[in-house]
Amino acid sequence: NSETATQATLHHAASFSELTSQVRRGGGRLLLRGVPWHTPRRETRYFDVHWNLLEREESDVKPEDLLLLTIAEVTEREKSRAFEERLCHAAKLTALGEMVANVAHEINNPLSVVSGNAQFLHSTFGCQPLERISPEDWREIVASVQSILDQTDRCCKVVSNLLQFSN
């Protein structure tokens, strides 16, 4: 991003004059938020660094000499922001986990019915010749096949809704 590029440019500025021209290109102001600084104790502290170019027409001072630098420590703000990001990520993972559990439940129920009906058909009629199946048995077969079709349709709708949600 542009802040990172500006930080890199400022970090490599060889002179005060270069820093001033960098601030001037930024419209006379430059603000870097959350700039990390690593202490000798291996702690990371964060600072907002703000440069203002102060130009006075009636002054004998060169514009390069009128650069106001303000540094404010914002470590707690940055820690709070990072904590909020982790909390938001955890909430998203929780919601995703709940959704996956619901989808698994919604698909598992119809599949249980399909499996049960298929097992019933196989165990009851699997080895019988078609001409030996009675009209009442045919009604059971048709009802079981219709139940299988209904439940597979239900699974297809769950998957379709899930795909629409993901888009």
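In what order do the strands of the open sheet stand, and is their pairing parallel or antiparallel? The order is β1-β2-β3, the sheet has 3 strands, and the pairing is antiparallel. The model described here is a predicted one, and it contains 4 helices together with 3 strands, which follow one another along the sequence in the pattern α-α-β-β-β-α-α. Of the 167 residues of the protein, 22% count as buried, and among contacts between residues at least 6 apart in sequence, 49% join residues at least 24 apart.

**The sheet**

- Strands β1 (29–38) and β3 (67–73) are the edge strands of the open sheet, and because each has a single partner strand, one side of each is left without a neighbour in the sheet.
- Averaged over the sheet, and with direction ignored, neighbouring strands are turned by 20 degrees against each other.
- The antiparallel pairing of β1 with β2 extends over 8 bridges, and within this pairing Trp-37 stands opposite Arg-45 in β2.
- The hairpin formed by β1 and β2 has 5 residues between the strands, and in this hairpin Arg-42 takes a positive phi near 65 degrees.
- On the other side of the pairing scheme, β2 (residues 44–53) is joined to β3 by 7 bridges, again with the two strands running antiparallel, and here Asn-52 has Leu-68 in β3 as its bridge partner.
- Helix α3 (residues 75–125) packs on this sheet and touches β1, β2 and β3, with its direction making about 120 degrees with that of β2.

**The nonpolar cores**

- The largest nonpolar core is made of 9 residues, namely Val-23, Leu-30, Leu-32, Val-35, Phe-47, Val-49, Trp-51, Leu-53 and Leu-67.
- Two elements, β1 and β2, give two or more residues to this core, and the largest share, 4 residues, comes from β2.
- With residues up to four places away in sequence not counted, Val-23 touches Gly-28, Arg-29, Leu-30, Trp-51, Leu-53 and Leu-67.
- There is also a second, separate core of 6 residues, which includes Leu-121, Phe-125, Ile-141 and Ile-148.

**The aromatic pair**

- How many aromatic pairs does the structure hold? The structure holds 1 such pair, formed by Trp-37 and Phe-47, whose ring centres are 6.5 Å apart and whose planes stand at 70 degrees, so the pair is edge-to-face.
- The pair links distant parts of the chain, with Trp-37 in strand β1 and Phe-47 in strand β2, 10 residues apart.
- Trp-37 has a relative accessibility of 46% and therefore counts as partly exposed, whereas Phe-47 belongs to the largest nonpolar core.

**Helix α3**

- The 51 residues of α3 should span 75 Å at 1.5 Å a residue, and the C-alpha atoms at the two ends are 74 Å apart, which agrees with that expectation.
- The buried residues of this helix are Thr-75, Glu-78, Val-103, Pro-110, Val-114, Asn-117, Leu-121 and Phe-125.
- Is Thr-75, in helix α3, buried or exposed? Thr-75 has a relative accessible area of 2%, so this residue is buried, and, leaving out residues up to four places away in sequence, Thr-75 touches Thr-44, Arg-45 and Tyr-46.

**Contacts between α3 and α4**

- Phe-125, which is found in helix α3, has a relative accessible area of 7% and is therefore buried.
- Leaving aside neighbours within four places in sequence, Phe-125 is in contact with Phe-120, Ile-133, Asp-137 and Ile-141, and the C-alpha atoms of Phe-125 and Asp-137 lie 8.6 Å apart in space although the two residues are 12 residues apart in sequence.
- Ile-141 has its place in helix α4 (residues 135–166), and at 13% relative accessibility this residue counts as buried.
- Which residues does Ile-141 touch, not counting residues up to four places away in sequence? Ile-141 touches Leu-121, Phe-125 and Ile-133, and its C-alpha atom is separated by 6.8 Å from that of Leu-121, a residue 20 residues apart from Ile-141 along the chain.

Methods: Residues numbered from 1 in each chain as written. Predicted model: local features only at pLDDT ≥ 70, side-chain atom pairs only at ≥ 80, totals over all residues. Heavy atoms only, no water. Pairing = 2+ DSSP bridges. Axes fitted to C-alpha atoms, helices over the stretch in contact; angles between N-to-C directions. Contact = heavy atoms within 4.5 Å. Core = buried A, V, L, I, M, F, W, Y, C linked by side-chain atoms within 4.5 Å. Buried < 20%, exposed > 50% of the residue type's maximum accessible area, 1.4 Å probe, protein only. Phe/Tyr/Trp six-rings, centres within 6.5 Å; stacked < 30°, edge-to-face > 60°. Expected span 1.5 Å × (residues − 1).
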